[in-house]
Amino acid sequence: METSNFPTSHSQENGGISHQIIRIPEEADQEWITSVEKKIQEIPKLLSKSAGGSSCCIFRVPQSLVEVNTKAYQPHIVSMGPYHHGRDNLNMIQEHKWRFLGAVLARTQKHGVGLSDLFKAIASMEKKIRDCYSETIEFSSHDLIEMMVLDGCFVIELFCIVGRLVQINLDDPLFNMSWILYFLMRDFLRLENQIPFFVLQTLFGLSFSDSRKENIPSLTELTLGFFDYVVQRPSEVIDSCKNLNGKHLLDFFRLTFVSKLQDHQVPRKISPFLHLIQSANKLHLAGIKFKPRETETFLDIKFSRGILEIPPLTIDDFTSSFLLNCVAYEQCCSHCSKHITTYVTFMSCLINSPVDAGYLSDHRIIENYFGTDMEVAKFFNNIGKDIAFDIQRSYLAKLFEDVNEYYRNNWHVRWAGFKYTYFNTPWSFMSALAALVLLILTIIQAFFAVYGYVHPLGNGH
C-alpha cells in the first residue's frame, strides 16, 4: 500500500466513517500561497483593463464569431497595427510601406518636417494609442512608434495617390495590378487590422505645408474618395460626411451610413408584437409587398400600409467583409450604436432560405454578386449567429412591431391567400374567372327556373 509523501497524517473516527487528514508542510504551503498571490496581482493581457473604457476601439474578434466566418477578420495582404504585424504572408506589402514612407518624407522635408518630427508627434500620444487596443501591446515604445508612423504614412500616401494629390508612377505594381488595390480596401476595414484615426490625422497634418493645406481635401474626404471605388455614393452624401470623427477607418466608414439615419421611433412599452419577423416568402404570402427604397443609406428601412421598403444592397466580397467586421465591432464596443447589428438581424430574418434570397433579388432589393441564392442565404444565416441583439433598443424596434402586427391580422392573411390562390398567375386568374362566370350563369338559370315556376306563362292574373 502506497503512503503519502507528506509526513504528518492521522485518521479521525466520526460516526463510523474514517477521515484521513493530510497536512501540507509549511514550506510548500507558503510557496502555494505566494504563487496564488502573484496570479492575483497579474494584469490581464488578452483583455486589458482599458478594454471596457470609451478609449478602447480596436478589438480581437471573439472566437465564436471567427469560427462561423473564419476568413472574414484577418488581413489578406497588408497588416495595420500590432495584432498581425510580422506575419509572413503579409511581407509583400510590408516591403512597399518603406517606399511609401520615403515618398512622404520627400514631400515633408521640403517644409522642414523630417522623420524625427513624425516620431516625436506619435511618441507624445503613445499612452493614448495603447489604450485603443483591447490587448496589452507587447511592443517596445520604439517599435510601436515606428509601426504607427510606417503604417499611417502608407495609408496617407495611398489615399493621396488615389485622390490625385500626388503624382502616380504608372508602373507602380500596387496600382498596375488591379486586384491589389481591391484587397487593400478590404483589409483596411477589418476590425483587428486598425490603427487609431487620430494617428492618421496627426501624420496627415504634418504631410503638407501650411500654405498647401487650404487647397487640399481633408483626410475624411480622401478616405471617402478612396472607398468610393467600391461603394459609389453621390457627391452630396460625401460632402455631408466631412465632419465625421471615427475611431479608426472601419468606424469612420461605418458612421458614413449610420449618421444618415433619421430618428426612429422606439416603442415606449413592451408590445406582444415586438419580436423577430418572418421570412420574406411568408410575409409575401401574408400580403406584405416589398419595394426598393431610394435613400442615402442602406440602413434606412420603412414599413407603411403593408409595404416594406428596403434600400437595395449589393452583396459581394467587400460588402460581406464590411458587414461582418462592423457587427464584430459593435459586439465588442459598448460605447457605439448597434445599427449594423440590427440591420443584419433584420436581413437574416427575411432571408431564411434560397427562396427568400431569390425573391428579394427579383424585387431589386438584393443585387447578388456573391454567388448563388443558396450562398446569400447561408451568409445571412451565419452572420446572425452568436451575436447579442436587444430588439427593444434597436432602431428598427417600431418596424419589427408594425410588421408583426400586420402579419398577425387574419383579414390580411386571408385576403392575401385568396389573391395568391386565384390571381397569382394568368392561368389561375382565367380559371377563377371561368368559375365565376359559370357560377353567375348557374344563378341566372336557377333564378329563371324558380321565376317560371312561381309565375307560369299561362297565368292570366
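**Exercise 1. Place His 85.**
Leaving aside neighbours within four places in sequence, which residues is His 85 in contact with? Where is His 85 found?

*Solution.*
Step 1. Set aside the neighbours within four places; His 85 is then in contact with Ser 79, Gln 94, Phe 139 and Met 147. The model behind this list is predicted.
Step 2. Take Met 147 from that list. It lies 62 residues from His 85 along the chain, and the two C-alpha atoms are separated by 8.6 Å.
Step 3. Locate the residue. His 85 sits in the loop between α2 (63-68) and α3 (91-108).
Step 4. Check accessibility. The relative accessible area of His 85 is 31%. Buried means under 20% and exposed means over 50%, so His 85 is partly exposed.

**Exercise 2. Summarise the chain.**
How many helices and strands does the chain have? What percentage of its residues count as buried?

*Solution.*
Step 1. Count the elements: 21 helices and seven strands.
Step 2. Take the 461 residues of the chain; 44% count as buried.
Step 3. Turn to contacts with a separation of 6 or more. Residues 24 or more positions apart account for 70% of them.

**Exercise 3. Dissect the largest nonpolar core.**
Which residues touch the most other members of the largest nonpolar core? Which helix gives the largest share of this core?

*Solution.*
Step 1. The core has 123 residues. Those touching the most other members are Phe 188, Phe 290, Leu 308, Phe 346, Leu 350, Ile 351 and Leu 360.
Step 2. Helix α6 (residues 141-162) supplies the largest share, 15 residues.
Step 3. Compare with the domain bounds. Domain 1 (63-257) and domain 2 (280-409) each give at least three residues to this core.
Step 4. Follow one member, Phe 290. Beyond four places in sequence, its contacts include Leu 308, Leu 350 and Leu 360. Among the others are Ala 280, Leu 283, His 284 and Tyr 359.
Step 5. Look for a separate core. A second one has six residues, including Leu 224, Ile 238, Cys 241 and Phe 252.
Step 6. Set this against the general trend. In soluble globular proteins, nonpolar side chains tend to be buried together.

**Exercise 4. Explain the setting of helix α13.**
Why is helix α13 largely enclosed by the rest of the structure? What covers its buried residues?

*Solution.*
Step 1. Helix α13 spans residues 249-258, and 10 of its 10 residues are buried, so it is largely enclosed by the rest of the structure.
Step 2. Note the chemistry of the list. The buried residues include Leu 249, Phe 252, Phe 253 and Val 258, but also Asp 251, Arg 254 and Thr 256.
Step 3. Identify the cover. It includes α6, α9 (197-207), α11 (219-227), α15 (317-332) and α16 (339-350).
Step 4. Turn to α11, where seven of nine residues are buried. They are Leu 219, Thr 220, Leu 222, Thr 223, Leu 224, Phe 226 and Phe 227.
Step 5. Find the partners of α11. Its buried residues pack against α6, α8 (178-187), α9, α12 (235-239), α13 and α15.

**Exercise 5. Describe the packing of α4 on α6.**
At what angle do the axes of α4 and α6 cross? Is the crossing left-handed or right-handed?

*Solution.*
Step 1. Choose the descriptors. Two packed helices are described by the angle between their axes and the distance between the axes.
Step 2. The axes of α4 (residues 115-123) and α6 come within 9 Å and cross at roughly 110 degrees.
Step 3. Angles of 65 to 115 degrees count as roughly perpendicular, so α4 is roughly perpendicular to α6.
Step 4. The crossing of α4 past α6 is right-handed.
Step 5. List the residues that meet. From α4 come Leu 118, Phe 119, Ile 122 and Ala 123. From α6 come Ile 145, Glu 146, Met 148, Val 149 and Cys 153.

**Exercise 6. Inspect three loop residues.**
Where are Arg 164, Asp 386 and Lys 338?

*Solution.*
Step 1. Arg 164 is in the loop between α6 and α7 (173-176). It is not a glycine, yet its phi is positive, about 60 degrees. Its relative accessibility is 69%, so it counts as exposed.
Step 2. Asp 386 is in the loop between α18 (373-383) and α19 (397-407). Its phi is also positive, about 55 degrees, although it is not a glycine. Asp 386 is exposed, at 55% relative accessible area.
Step 3. Lys 338 is in the loop between α15 and α16. With 34% relative accessible area, Lys 338 is partly exposed. Not counting residues up to four places away, Lys 338 touches Glu 330 and Cys 333.

Definitions and conventions
Residues are numbered from 1 along each chain as its sequence is written. This is a predicted model: local features need pLDDT of at least 70, side-chain atom pairs count only at pLDDT 80 or more; totals for chains, interfaces and linings use all residues. Side-chain values use heavy atoms; hydrogens and water are left out. A nonpolar core is a set of buried Ala, Val, Leu, Ile, Met, Phe, Trp, Tyr and Cys residues joined through side-chain atoms within 4.5 Å. Buried means under 20% relative accessible area, exposed over 50%, partly exposed in between (1.4 Å probe, protein chains only). Helices (H or I, at least four residues) and strands (E, at least two) are DSSP runs, numbered from the N terminus. Domain bounds come from an automatic or database domain assignment. Contact means heavy atoms within 4.5 Å. Axes are lines fitted to C-alpha atoms, for helices over the stretch in contact, and angles run from 0 to 180 degrees between N-to-C directions. Angles under 35 degrees count as roughly parallel, over 145 as roughly antiparallel, 65 to 115 as roughly perpendicular and the rest as oblique. A crossing is left-handed if the near helix is turned anticlockwise from the far one by less than a right angle, and right-handed if clockwise.
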